[in-house]
Amino acid sequence: MNNFSTVYDFLLHNQKLHARIAEFYRALQLETSDERVNMLLTILVKHELALLNSMRNYIEQANNNTLDTYVQFDREKSVENLFSVDFDRSDISTDNVEHLAHRFDQYFSELYDGMSTATENEQVTELFDNLCQYISEEKKRVSKDLNSVQDM
C-alpha cells in the first residue's frame, strides 16, 4: 500500500470524489417523490459540482512545485462508509439529507485540516488551509440554502 501521493494526485482524487458524491445525490433524487427532499438534493448536487470545479481551479492555479510535492495520503483507504445510509432510500427525509451533507463536508474539512498540519512545505500548507477555509465557507452557504428550503 502506497501512503504517499503528489498534491496533484490528491486534488485529482478529491475532484473525482466530489463527482461521485454529486452522482450519489442524483441517484437519491431518482428514488424520492418528496419535492422538498428533491430540492435539497438539487442544492447539494450544485454544491458538489462547485467543489469539483474548485478542485480543478486549485490544480490549474497551483504552481508545479506545489503540485509535485509528496504528501502522506492513503488513497486506497475506503470512503465507502461515507456513502452508507441507515434509512430507507425510497423514504428519505430532509433530516437524512442534511445528515449526509454534513457527513461529506465534515470529511473534507477534517481531511484538509489534517493535511495542512501534517506538511512542512509552506506552499502546500497554504493550499490546504485555503481548501479548509473554502469548505467551511461553502458549508455555511449550503446550510443557509438548505434551511431556506426547510422554511418553505
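In the predicted model, Phe83 is located in the loop that connects β2 (70-72) and α4. With a relative accessibility of 10%, Phe83 falls under the 20% limit and therefore counts as buried. Beyond residues up to four places away in sequence, Phe83 touches Leu17, Arg20, Ile21, Phe24, Arg103 and Phe104. Of these contacts, Arg103 is 20 residues from Phe83 in sequence, and the C-alpha atoms of the two are 9.4 Å apart.

The largest nonpolar core comprises 45 residues. Leu11, Tyr25, Tyr112 and Phe128 have the most contacts inside this core. Two or more residues each are supplied by α1 (7-31), α2 (35-61), α4 (94-118) and α5 (122-150), and α2 gives the most, with ten residues. Such a grouping follows a general tendency: in soluble globular proteins, nonpolar side chains tend to be buried together. For Tyr25, the contacts outside the four-place sequence window are Leu41, Leu44, Val45, Glu48, Leu100, Ala101 and Phe104. Phe104 is thus touched by Tyr25 and also by Phe83.

The axes of α1 and α2 approach to within 9 Å and cross at roughly 165°. This angle is over 145 degrees, so the two helices are roughly antiparallel to each other. The crossing of α1 and α2 is left-handed. The residues of this contact comprise 17 nonpolar, six polar and three charged.

Two further buried residues, His18 and Glu138, were examined in the helices. His18 lies in α1 and has a relative accessibility of 0%, so it counts as buried. When neighbours within four places in sequence are left aside, His18 is in contact with Glu48, Leu51, Leu52, Met55, Phe108 and Tyr112. Tyr112 is also one of the residues with the most contacts inside the largest nonpolar core, and Glu48 is touched by Tyr25 as well.

Glu138 is part of helix α5. Its relative accessible area is 9%, and Glu138 is therefore buried. Apart from residues up to four places away in sequence, Glu138 touches His47, Ala50 and Leu51. Leu51 is in contact with His18 too.

Notes
Residues are numbered from 1 along each chain as its sequence is written. This is a predicted model: local features need pLDDT of at least 70, side-chain atom pairs count only at pLDDT 80 or more; totals for chains, interfaces and linings use all residues. Side-chain values use heavy atoms; hydrogens and water are left out. A nonpolar core is a set of buried Ala, Val, Leu, Ile, Met, Phe, Trp, Tyr and Cys residues joined through side-chain atoms within 4.5 Å. Buried means under 20% relative accessible area, exposed over 50%, partly exposed in between (1.4 Å probe, protein chains only). Helices (H or I, at least four residues) and strands (E, at least two) are DSSP runs, numbered from the N terminus. Contact means heavy atoms within 4.5 Å. Axes are lines fitted to C-alpha atoms, for helices over the stretch in contact, and angles run from 0 to 180 degrees between N-to-C directions. Angles under 35 degrees count as roughly parallel, over 145 as roughly antiparallel, 65 to 115 as roughly perpendicular and the rest as oblique. A crossing is left-handed if the near helix is turned anticlockwise from the far one by less than a right angle, and right-handed if clockwise. Ala, Val, Leu, Ile, Met, Phe, Trp, Tyr, Cys and Pro count as nonpolar, Asp, Glu, Lys and Arg as charged, and the others, Gly among them, as polar.
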